[in-house]
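Open the model in your viewer and keep the sequence panel beside it. This tour says what to select at each stop and what is there.

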Amino acid sequence: MSAERRFRPEQLAIYLVTDPALCATQGLEETVMAAVRGGVTLVQLRDKHASDAELIAIARRLKTLLDGSGVPLVINDRVEVALAAEVDGVHLGQGDGDVGEARRLLGEQAIIGLSVQNHTQLDKLDRAALDYLGLGPVFATSTKSDHATPLGLSGLARLVSASPLPNVAIGGLKAEHAAQVRASGADGMAVVSAICGQPDPQAATQVLVKEWAVSHSHEYRVTSRPVPLDHRQKPGFGGYLKLTAYNSKL
C-alpha cells in the first residue's frame, strides 16, 4: 500500500459536521447521504455523547453508505474509533491528544485535522503530522457550547494568512457567508446547522455549493480602500471586511 497522503485541499470546500440532535428528525444517515447528493465534499462524524462502541457502529454504517462517493469520512476527537471503524481519518481539538501519535496509529494515508483558535496555537503545530486546520469559531454557535471567543471575519482572515496548512473555517457559518469566507483565503467552510436539521438537507447543501462556486467565479479581494456603492461591505470582528468583486472572465 502506498504511503502517499490522500488528502486534497479541495475536499474542504463544503465540509459537513454532523450533530445528532439536529439530525434526529431526518435521521443521521439520511441527512448525510442527502448532503452528499447535494455536493458535500467531506463529512465529520461528531457525537460527544455516544459511547465508543455506538460511534464505531455509526461510523461503519456511514462508511458503507459513502463507499464509492469519493467523500471522505473523519471522526471528531476519537482516534480509537477512527482506527476501529477504518474510516478516512480524524479531526482533533486542542485537548484531544497528540497529532503525532494519531498519525502513527492511523498511518500516512489518513486525513488528520486540528482545530486552531489563535496564533499561539499556530506556532506550536506539528505540521508534518497534519493535513489541514479547522479555524474558528468565526461566529458564536449553539452547536458547540464550549467554543472559544469568536474570531469574526477579519480575525479569520488574519489567521488564514498565517496558516501554514490548508484550512477550513468553522463556527456559525451559513450560505450567505460563502463569499466572505472565500475572501479570507480559506479553502472551505464547515457547517452544522446549515445542513443538519434543515427540512431538505440536499437542497440546503446545493445552496451552499452554489454560493461557494459563485464566490469562486469572481476574484474577491480584501481591501482597506474606499468601497464603491456596487461593492460589498460586511461587518467583521473589530471592523469591516471589505470585499471587492472582480469578474474573473474579464
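Select α1 and colour its buried residues: Leu-28, Thr-31, Val-32, Met-33, Ala-34, Ala-35, Val-36 and Gly-38. Buried here means under 20% relative accessible area, exposed means over 50%, and partly exposed lies in between, with a 1.4 Å probe and protein chains only. The helix is mostly covered, since eight of its 11 residues are buried. An α-helix has 3.6 residues a turn, so residues three or four places apart point the same way. Just after α1, select Gly-39, which takes a positive phi of about 120°.

A note on the model before moving on: it is predicted, so local features need pLDDT of at least 70 and side-chain atom pairs count only at pLDDT 80 or more, while totals for chains, interfaces and linings use all residues. Residues are numbered from 1 along each chain as its sequence is written, and side-chain values use heavy atoms, with hydrogens and water left out.

**The strand β1**

Select β1, residues 14-17. Helices (H or I, at least four residues) and strands (E, at least two) are DSSP runs, numbered from the N terminus. Which side chains point which way from β1? Ile-14 and Leu-16 point one way, Tyr-15 and Val-17 point the other way, and all are buried. In a regular strand the side chains alternate between the two faces of the sheet.

Now add β2, residues 42-45, which runs parallel to β1 and is joined to it by three bridges. Two strands pair if DSSP finds at least two bridges between them. Leu-16 stands opposite Val-43 in β2. Follow the chain from β1 through α1 to β2: this β-α-β crossover is right-handed. Right-handed means that, with the strands pointing away from the viewer, the path from the first strand over the helix to the second runs clockwise.

Add β8, residues 188-191, which pairs with β1 in the parallel sense over three bridges. In β8, the bridge partner of Leu-16 is Val-191.

**Salt bridges**

The structure holds nine salt bridges. A salt bridge is a side-chain nitrogen of Lys or Arg within 4 Å of a carboxyl oxygen of Asp or Glu.

Select Arg-6 and Asp-88, whose closest N and O atoms are 3.8 Å apart in a salt bridge. Arg-6 lies in the segment before β1 and Asp-88 in the loop between α3 (79-85) and β4 (89-92), 82 residues apart. Arg-6 counts as partly exposed because its relative accessibility is 43%, and Asp-88 because its value is 24%.

Next select Arg-8 and Glu-10, whose side chains meet in a salt bridge at 3.1 Å, N to O.

Return to α1 for Glu-29, which forms a salt bridge with Arg-61 at 2.5 Å, N to O. Arg-61 sits in α2 (residues 52-66), and the two partners are 32 residues apart. Glu-29 is partly exposed at 23% relative accessibility, and Arg-61 is partly exposed at 41%. Then select Arg-5, Arg-103, Glu-108 and Asp-131, which salt bridges with shared partners join into one network.

**The whole protein**

Zoom out to show the full chain: the protein has eight helices and 11 strands. Of its 250 residues, 49% count as buried. Among contacts (heavy atoms within 4.5 Å) between residues at least 6 apart in sequence, 59% join residues at least 24 apart.
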